[in-house]
Amino acid sequence: MAAELPLLLLLILVAPVGLLAALAFLVRPRAARIPLRGRHVFITGGSSGIGLAMATAAAREGARVSILARNAARLEGARAAIKAATEQDVGVYAADVRDATAVARSLEEAGPVDVLVCNHGVFVAKELEEQDMEDVKWMVDINLMGTFHLIKAALPAMKARTRETGVPASIAIMSSQAGQVGIYGYTAYSASKFALTGLGESLQHEVISDNIHVSLIFPPDTETPGLAEEQKSRPEVTNIIAGSSGGMKADDVAKKALNGIKSGRFIVPCNFEGAMLAIATSGLTPQSSPLIAFVEVMGAGLMRFAALCFQWNWFSTIENWYAKNKKNA
Ligand SMILES: NC(=O)C1=CN([C@@H]2O[C@H](COP(=O)(O)OP(=O)(O)OC[C@H]3O[C@@H](n4cnc5c(N)ncnc54)[C@H](OP(=O)(O)O)[C@@H]3O)[C@@H](O)[C@H]2O)C=CC1
Ligand SMILES: CCCCCCCCCCCCCCCC(=O)[C@@H](N)CO
């Protein structure tokens, strides 16, 4: 036994190092640094909440920032706020992401983009039975189809630009933790956000040869005008389950998002629960960091167990709430 002890210690030490070395060789796409200074960052939904926080932070880092949203007055308000905070002037484009022609026209006017942030998004939480099909379609049209319109319009010039400069570019897509796990009240919203993962994974394969990195960002509940509006009518059960992940401020989400973009991360979690969710849902997602890949490989079983505990808790919440409110009596 005593003779085997050094051997055992060696194995315990060597195995992880060997795994890490294997992962350093394996992980794809290769890690990249995507600078912001002096580059054109185009942010949809940049007039409010997370988008406005990202636009402000990017301007502060010396990027040339353009923002797109529908409401022209709110856009001008955002432009003035960013000017006051950073002394930088941003370009504003009034368009609805559902209108492919208007989106293309805005991108044409704004000029080639280095970092495209598809952040626009709408959400109304309701049980599907209570939700009108118009609202379902509205969320899918804006959150999913709008993102398609943007990427289709921006991609040709982005590719030409990376070919010309050799500097990597980024397409970032704002998802949500409700895009990693379906929860009560979010059938339509979750569907629109889960779909963005399929879009992003496939797109990353298609654009990697052009030195373009895709990032999917997964925030928890974040203090924004959008959340304040949502909370006026969000089902109580949704509030409780969404509370499993700690709320954040828009500025902190913006910082996490921009750091993820700059380091070319495919999956960008924003808080501790988000990091756990990312491991639990890592599946076949691209991964450029050997260290995070190591945590994913080692943590998989444990995170599955944690996930089952969360589901147990959520189903208990639902059961108790229905028992108390006699919904099915
Ligand atoms: N806040 C939260 O709790 C969370 C938010 N998210 C996601 O983050 C993103 C931003 O959310 P948040 O900051 O809260 O949102 P806000 O509601 O505060 O802002 C939404 C922005 O999107 C724009 N927008 C909405 N619809 C359209 C459209 N059809 N065409 C163009 N622009 C549009 C709005 O401008 P206008 O209305 O003038 O068009 C506004 O600038 C969304 O994708 C959301 O799903 C993810 C997780 C949590
Ligand atoms: C294995 C470990 C599991 C870790 C914990 C999981 C916690 C999940 C909570 C999901 C919260 C969803 C919030 C959606 C916010 C949003 O998008 C709306 N505000 C609309 O914008």
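This report describes a sheet, an aromatic pair and two ligand sites in a predicted model.

Residues count from 1 along each chain as its sequence is written, and ligands are numbered from 1 in the order in which they are written. Local features need pLDDT of at least 70, side-chain atom pairs count only at pLDDT 80 or more, totals for linings use all residues, and side-chain values use heavy atoms, without hydrogens or water.

**The sheet**

Seven strands make an open sheet with parallel pairing, in the order E3-E2-E1-E4-E5-E6-E9. Strands are DSSP runs of E with at least two residues; helices are runs of H or I with at least four. Two strands pair if DSSP finds at least two bridges between them. E3 (91-94) and E9 (267-269) stand at the edges with a single partner each, so one side of each has no neighbour in the sheet. From one strand to the next, the twist averages 20°. Five bridges join E1 (residues 40-44) to E2 (residues 64-69). Threonine 44 has leucine 68 in E2 as its bridge partner.

**Ligand 1**

Around ligand 1 are 31 residues (a heavy atom within 4 Å). Ser47, Ser48, Arg70, Tyr189 and Thr224 come nearest. The shell divides into 13 nonpolar, 13 polar and five charged residues. Its largest share, three residues, comes from H7.

The table lists polar contacts of both ligands (N or O atoms within 3.5 Å).

| Ligand atom | Protein partner | Distance |
|---|---|---|
| Ligand 1, oxygen | Serine 48, side chain | 2.7 Å |
| Ligand 1, nitrogen | Valine 97, backbone | 2.9 Å |
| Ligand 1, oxygen | Asparagine 119, backbone | 2.8 Å |
| Ligand 2, oxygen | Tyrosine 189, side chain | 2.8 Å |
| Ligand 2, nitrogen | Aspartate 221, side chain | 2.8 Å |
| Ligand 2, nitrogen | Glutamate 230, side chain | 2.9 Å |

**Ligand 2**

Ligand 2 has 22 residues around it; Ser176, Tyr186, Tyr189, Asp221 and Glu230 come nearest. Its shell holds 14 nonpolar, four polar and four charged residues. Helices H7 (225-231), H10 (272-280) and H11 (290-325) each supply at least two of them.

**An aromatic pair**

Tyrosine 189 also pairs with phenylalanine 123. Their rings sit 5.6 Å apart, centre to centre, with 70° between the planes, which is edge-to-face. Rings pair if their centres lie within 6.5 Å, and planes over 60 degrees apart count as edge-to-face. Phenylalanine 123 lies in the loop between strand E4 (115-118) and helix H5 (133-165), and tyrosine 189 in helix H6 (residues 187-207), so the pair ties together parts 66 residues apart in sequence. The whole structure has six aromatic pairs.

Note on methods:
A polar contact is a pair of N or O atoms within 3.5 Å; within protein, one must be able to donate a hydrogen and the other to accept it, and residues adjacent in sequence count only if both atoms are side-chain atoms. Ala, Val, Leu, Ile, Met, Phe, Trp, Tyr, Cys and Pro count as nonpolar, Asp, Glu, Lys and Arg as charged, and the others, Gly among them, as polar. Axes are lines fitted to C-alpha atoms, for helices over the stretch in contact, and angles run from 0 to 180 degrees between N-to-C directions. Rings of Phe, Tyr and Trp (its six-membered ring) pair if their centres lie within 6.5 Å; planes under 30 degrees apart count as stacked, over 60 as edge-to-face and the rest as tilted.
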